[in-house]
Amino acid sequence: MRPDKLSNYRGRFAPSPSGLLHFGSLIAALASYLDAKHNNGQWLVRIEDIDPPREQAGAGIEILNTLESYGLHWDEDVLYQSQQSALYHEVLAQLAEQKLSYYCRCTRAQIKAIGGIYQGHCRALSQPAHASAIRVINTVGISQYNDVIQNQVTCNAELAQEDFIVLRKDGLFAYQLAVVVDDIYQNITHVIRGCDLLEPTARQLSFYQILQHKAPQFGHFPIAATSQGFKLSKQNNAPAIDKNNPIPSLFSALVFLGQQPPNELQTASVDELLTWAIGHWSITGVPKSQEIIL
Ligand SMILES: [Zn+2]
């Protein structure tokens with residue numbers, strides 16, 4: 001590798017195996033892949049399989065097969081969050097030792113009754129009660145940050161200051177814990193993902209500070225929504241993309257991401273299309289709206 005090609009960039013795509021890849025998740029895979037490859041970086045894939053009740057048997061392997069047939073080849077081994085429990089427990093123990101976390105037994109209904117923002121009611125609770133969650137003492141409360149696509153992002157300050165859950169009442173690791181611990185573990189430097197995660201990013205930035213670790217750079221592209229205004233997601237049964245016919249979906253995803261692919265690419269091979277897309281990738285071309293109706 002020539003010295004001018006060296007890059008510390010490490011990006012990732014982190015799907016949960018709750019269903020097959022649909023157009024919305026293809027956009028996430030493609031945007032993170034192109035930004036990494038355009039910057040001579042590494043692109044990793046992590047399967048976020050820490051919520052078994054929401055998972056679909058065989059979806060993880062199907063997602064990987066689809067990425068391969070779309071030419072989105074990852075660097076390094078795939079990381080499975082289900083294999084990371086020991087590390088998550090280590091971080092939970094470290095937080096407890098530093099007195100930065102506490103047990104909480106409040107119900108969703110109780111929090112809703114006080115306006116929906118958790119007010120630290122259980123901070124003084126020293127003993128774990130039956131079915132307790134664990135919350136982090138949010139000493140940071142970041143509510144504004146710089147985004148490589150959206151520029152300045154401002155989130156609800158009250159929500160950003162909330163003590164957030166790191167271990168759920170049902171004993172499952174919370175998304176905020178797993179995602180930040182794994183991004184640190186994998187030395188991720190750039191996270192490119194959808195605008196539905198603008199608010200969680202503020203919490204995650206706070207969490208990086210609490211853990212005294214440098215945060216990656218974040219960029220949020222608009223989410224794809226249906227004409228009824230619903231986000232394309234596995235939960236609302238967005239159709240899976242065709243594993244055997246990648247070009248139409250890849251082309252549409254490039255258009256969605258504001259990359260203006262030439263029409264000839266509609267009859268190109270996957271390799272030709274991706275080579276063009278890597279070379280021409282423009283993060284500033286990505287629309288700054290939070291949602292685009294398909
Ligand atoms: Zn509580």
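Here are some notes on the predicted model above, point by point.

1. Ground rules. Since this is a predicted model, local features need pLDDT of at least 70 and side-chain atom pairs count only at pLDDT 80 or more, while totals for chains, interfaces and linings use all residues. Residues are numbered from 1 along each chain as its sequence is written, and side-chain values use heavy atoms, with hydrogens and water left out.

2. The zinc site. Four protein donors hold the zinc ion: Cys104 (SG), Cys106 (SG), Tyr118 (OH) and Cys122 (SG), at 2.2 to 2.3 Å. Donors here are N, O and S atoms within 2.8 Å of the metal (3.2 Å for Na, K and Ca); water is not among the atoms, so sites may look incomplete. The site is tetrahedral, with angles of 97 to 121 degrees among its four donor atoms (four donors earn that label if all angles lie between 85 and 135 degrees).

3. How the site maps onto the chain. The donor residues follow the spacing C-x1-C-x11-Y-x3-C. Cys106 sits in the loop between strand S4 (101-104) and helix H4 (108-113), and Cys122 in the loop between H4 and strand S5 (133-136), so this pair ties together parts that are 16 residues apart in sequence. Helices (H or I, at least four residues) and strands (E, at least two) are DSSP runs, numbered from the N terminus.

4. Cover around the zinc donors. Cys106 and Cys122 are both buried, and Cys104 counts as buried because its relative accessibility is 1%. Buried means under 20% relative accessible area and exposed over 50%, with partly exposed in between (1.4 Å probe, protein chains only). The donor Tyr118 also has a charged neighbour: Arg135 lies over its face, at 3.6 Å from the ring centre. For that call, NZ of Lys or CZ of Arg must be within 6 Å of the ring centre and within 35 degrees of the ring normal.

5. Any disulfides? How many turn up in a search of the whole structure? Zero, where a disulfide would be a pair of cysteine sulfur atoms within 2.5 Å. Take Cys195: the closest cysteine sulfur to its own is in Cys155, 10 Å off, so that is too far for a bond. Cys195 counts as buried because its relative accessibility is 7%.

6. An aromatic cluster. The structure holds five aromatic pairs, meaning rings of Phe, Tyr and Trp (its six-membered ring) with centres within 6.5 Å; planes under 30 degrees apart are stacked, over 60 edge-to-face and the rest tilted. Phe13 and Trp43 are stacked, 6.4 Å centre to centre with 10 degrees between the planes. That pair links strand S1 (residues 10-13) to strand S2 (residues 42-47), 30 residues apart. Tyr33 meets Trp43 edge-to-face, at 5.1 Å and 90 degrees, and brings in helix H1 (residues 23-38). Phe13, Tyr33 and Trp43 make up one aromatic cluster. Trp43 counts as buried because its relative accessibility is 0%, and Tyr33 does so because its value is 8%.

7. Helix H6. This helix (residues 175-185) is mostly covered, with eight of its eleven residues buried. Among them are Leu177, Val180 and Asp183. Just after H6, Asn187 takes a positive phi of about 55 degrees.

8. One exposed spot. Gln228 lies in the loop between strand S11 (223-225) and helix H8 (246-256), and counts as exposed because its relative accessibility is 59%. Gln228 and Leu294 are 66 residues apart in sequence and 9.9 Å apart in space, C-alpha to C-alpha.

How values were computed. Tetrahedral: all angles 85-135°; square planar, octahedral: opposite > 155°, others 65-115°.
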